[in-house]
Amino acid sequence: MAGTLYLVATPIGNLRDITFRAVEVLKAVDVIACEDTRHTRKLLNALEIDNKLVSYHDHNESERAVELTQMLAAGKSVAVVCDAGTPGINDPGFRLVQAAREAGATVVPIPGAVAFVNAAVASGLPTDALFFGGFLPAKTGERRRRLEELRDIPATLIFYEAPHRLIASLRDCLEVLGDRNASIARELTKLHEEIVTARLSKLIEQFENDTVRGEIVLTIDRMSEVDVAADTSDPSVVSRYRELIAAGAERKAAMKAVAKEFGLPRDKVYRLVQNIN
Ligand code: SAM
């Protein structure tokens with residue numbers, strides 16, 4: 001009989017956010033695979049658990065998955081934890097789950113903290129449909145392209161973000177997505193927890209002179225009904241733009257005039273007419 005792989009969520013800050021079941025499993029398994037053995041040892045010490053740890057991180061994930069799968073195939077039980085939150089969510093786990101399933105092991109999730117879900121539910125933005133996009137690309141060109149791809153998704157968008165990139169990302173979001181409602185959740189469950197929801201432009205004003213620190217989740221509303229309506233008014237925007245160009249206006253001036261006439265942000269008009277010569 002193949003063994004069991006447990007995916008154990010651990011706290012994202014506040015140690016009391018561990019579940020009874022997580023503690024039981026971490027005590028009982030044959031081995032705990034973790035990202036950073038020193039980090040997890042501290043958690044285990046706080047929980048008075050003395051169990052065997054092996055490292056399982058981005059750089060040894062493939063080889064370690066083979067070894068751990070062999071243990072599972074031999075009937076052992078393995079728990080996977082990451083430094084914080086739920087394994088497999090922007091953290092190692094996926095490869096091992098795949099290999100464990102192929103080896104016939106049972107895979108059991110032990111639910112608990114996950115940063116993006118808590119940021120979304122506390123943001124005040126709609127939670128009927130959520131799109132979790134992990135980390136946005138670090139470079140502005142790639143980041144804007146990614147945001148373009150996600151612009152029309154009818155769901156609240158959620159991203160993890162590094163503090164030193166927050167302002168640059170917010171500016172790109174404003175440029176590509178328009179001035180949507182958004183929320184910054186910082187240091188969830190920790191001493192300096194802060195959740196601020198406002199228009200992207202206001203968030204930029206508020207945070208640009210701050211030295212932003214800590215762990216951050218950025219949640220952004222979907223395109224508003226007004227913007228959707230504006231997008232579907234393409235033919236009139238486009239034909240007005242053509243008219244102005246035909247009358248001899250420069251491209252930039254024509255876009256500006258159309259934006260003003262239709263009450264649309266300039267970047268939106270740019271998107272609608274960018275392929276028209
Ligand atoms: N596995 C984790 C989870 O379940 O949420 C995510 C790990 S990912 C490598 C780390 C990122 O998650 C951080 O850079 C931050 O964006 C987000 N994060 C983790 N803990 C957080 C917290 N306490 N408050 C806000 N964001 C957090």
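**The ligand and its shell**

Visitor: What makes the nitrogen atom of the ligand and the side chain of Glu215 a polar contact?

Guide: In this predicted model, a nitrogen atom of the ligand lies 3.3 Å from an N or O atom in the side chain of Glu215, and because a polar contact is a pair of N or O atoms within 3.5 Å, this pair qualifies. A nitrogen atom of the ligand is also 2.9 Å from a polar backbone atom of Ile12, and an oxygen atom of the ligand is 2.9 Å from a polar backbone atom of Ala115. The ligand exposes 570 Å² when taken alone, of which the protein buries 90% (Shrake-Rupley method, 1.4 Å probe).

Visitor: How do you know which residues surround the ligand, and which are the closest?

Guide: A residue counts as near if one of its heavy atoms lies within 4 Å, and 20 residues surround the ligand, with Thr86, Asp91, Tyr160, Leu188 and Ile216 the closest. This shell divides into twelve nonpolar, three polar and five charged residues, where Asp, Glu, Lys and Arg count as charged.

Visitor: Which domains does the shell around the ligand draw on?

Guide: The chain is divided into domain 1 (4–110), domain 2 (115–222) and domain 3 (227–273), with bounds from an automatic or database assignment, and the shell draws at least three residues from each of domain 1 and domain 2. The C-alpha centres of domain 1 and domain 3 lie 54 Å apart.

Visitor: How is the model read?

Guide: Residues are numbered from 1 along each chain, and side-chain values use heavy atoms, without hydrogens and water. Local features need pLDDT of at least 70 and side-chain atom pairs 80 or more, while totals for chains, interfaces and linings use all residues.

How values were computed: A polar contact is a pair of N or O atoms within 3.5 Å; within protein, one must be able to donate a hydrogen and the other to accept it, and residues adjacent in sequence count only if both atoms are side-chain atoms.
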